[in-house]
Amino acid sequence: MLSLQQLPCIHQTLLLNASTQLGVYANGRFQRGVPFLVRAEQISAPSTSLQDKFGRRQLLATGVTVAPWFLLSYQKSTAFAAENAKGFLPVTDKTDGYSFIYPFGWQEIVIEGQDKVFKDVIEPLENVSVNVFPTNKENIRDLGSPQEVAEALIKKVLAPPSQKTKLLNATEHDVDGKAYYTFEFVAQAPNFTRHALSTITIGNGKFYTLTTGANERRWGKMKDKLSTVVGSFKIFNV
């Protein structure tokens, strides 16, 4: 069983992942269609810390099954990312020790509290964001099972509290001796549903998260491309 107090110190960026998915969280509401450069004063952080909210509840393993298409797509996308990045551009952060690729045509934006954010200029829900937090854990498995950790992050970090969320599947794999958890989820708002993929890992004394997604209406078209993004994410020693 995972105690949510075990998660890294990420309360300062509780709603910032949601801000890149939906727009920008400012003045108590989510705004869409914001300029590409987002200044720090435009973002209002929640007053209640993640640790305080997490301390009131614990999650049980959900027994989520892994969709066959997801495993196949993930295996294909990992090989694709390693051998052929046509239509994608690479990102390497030598300071924090990670790399990934993102679709050609997406533009980088700056959001306070996030390490990297790239998004489509036409479809605002199509984006990828990376966050890096300090942690004293040495392995992602120290936090619990893929299902437990995914549920915790989805409900309290990766989607705003006003949205209905559902974890669709969660799995784990190893790359160069490092354990990664990868999971798929949906977040439903009153006027749209976002379908997303995340991968998380621990290394270099840091907790890494990469999340990408699209509007549910475009998921069929985008799922292979987004799986490629997730499959390309790797960390390296710094």
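Two strands count as paired if DSSP finds at least two bridges between them. That rule underlies the hairpin of E12 and E13, which has two residues between its strands. The model described here is predicted. Two nonpolar cores, a small open sheet of three strands and a run of antiparallel hairpins are the main topics below.

**Strands E9 to E13**

- Strand E10 covers residues 164–175 and pairs with E11 in the antiparallel sense over 11 bridges.
- Thr171 has Thr182 in E11 as its bridge partner.
- Two residues lie between E10 and E11 in their hairpin, where Asp176 takes a positive phi near 55 degrees.
- Strand E11 spans residues 178–188 and is mostly covered, with nine of its 11 residues buried.
- E11 and E12 run antiparallel and are joined by nine bridges. Tyr181 finds its bridge partner in Ile200 of E12.
- The hairpin from E11 to E12 passes through four residues.
- Strand E12, residues 193–203, pairs with E13 over 10 bridges, again in the antiparallel sense. One of the partnerships sets Arg194 against Asn215 in E13.
- In the turn between E12 and E13, Asn204 has a positive phi of about 60 degrees.
- Strand E13 runs from 206 to 215, and 10 of its 10 residues are buried, so E13 is largely enclosed by the rest of the structure.
- E13 also pairs with strand E9 (residues 127–134), antiparallel and over eight bridges. Val130 has Leu210 in E13 as its bridge partner.

**The open sheet E5-E6-E14**

- Three strands make up this open sheet, in the order E5-E6-E14, with antiparallel pairing.
- E5 (88–93) and E14 (234–235) are the edge strands; each has a single partner strand, so one side of each is left without a neighbour in the sheet.
- Six bridges link E5 to E6 (residues 98–103) in the antiparallel sense. Phe88 stands opposite Pro103 in E6.
- Helix H5, residues 219–232, lies across E5, E6 and E14 and runs at about 165 degrees to E6.

**The cores**

- In soluble globular proteins, nonpolar side chains tend to be buried together.
- The largest nonpolar core here has 24 residues. Tyr98, Phe100, Val128, Leu210 and Phe233 have the most contacts inside this core.
- E5, E6, E9, E13 and H5 each give two or more residues to this core. H5 supplies the largest share, five residues.
- Beyond its neighbours within four places in sequence, Phe100 is in contact with residues including Leu89, Val91, Phe118, Val130, Leu210 and Phe233.
- Another core, of 19 residues, lies apart from this one; among its members are Ala150, Val157, Ala196 and Phe207.

**Helices H4 and H5**

- Helix H4, residues 146–158, spans only 15 Å between its end C-alpha atoms, whereas a straight helix of 13 residues would span 18 Å.
- 12 of the 13 residues of H4 are buried, so H4 is largely enclosed by the rest of the structure. Among them are Pro146, Glu148, Ala150, Leu153, Lys156 and Leu158.
- Trp219 lies in H5. Buried means under 20% relative accessible area. Trp219 has 6%, so Trp219 is buried.
- Glu126 and Trp219 are 93 residues apart along the chain, yet their C-alpha atoms are separated by 9.8 Å.

Note on methods. Residues are numbered from 1 along each chain as its sequence is written. This is a predicted model: local features need pLDDT of at least 70, side-chain atom pairs count only at pLDDT 80 or more; totals for chains, interfaces and linings use all residues. Side-chain values use heavy atoms; hydrogens and water are left out. Contact means heavy atoms within 4.5 Å. Axes are lines fitted to C-alpha atoms, for helices over the stretch in contact, and angles run from 0 to 180 degrees between N-to-C directions. Buried means under 20% relative accessible area, exposed over 50%, partly exposed in between (1.4 Å probe, protein chains only). The expected span of a helix is 1.5 Å times one less than its number of residues. A nonpolar core is a set of buried Ala, Val, Leu, Ile, Met, Phe, Trp, Tyr and Cys residues joined through side-chain atoms within 4.5 Å.
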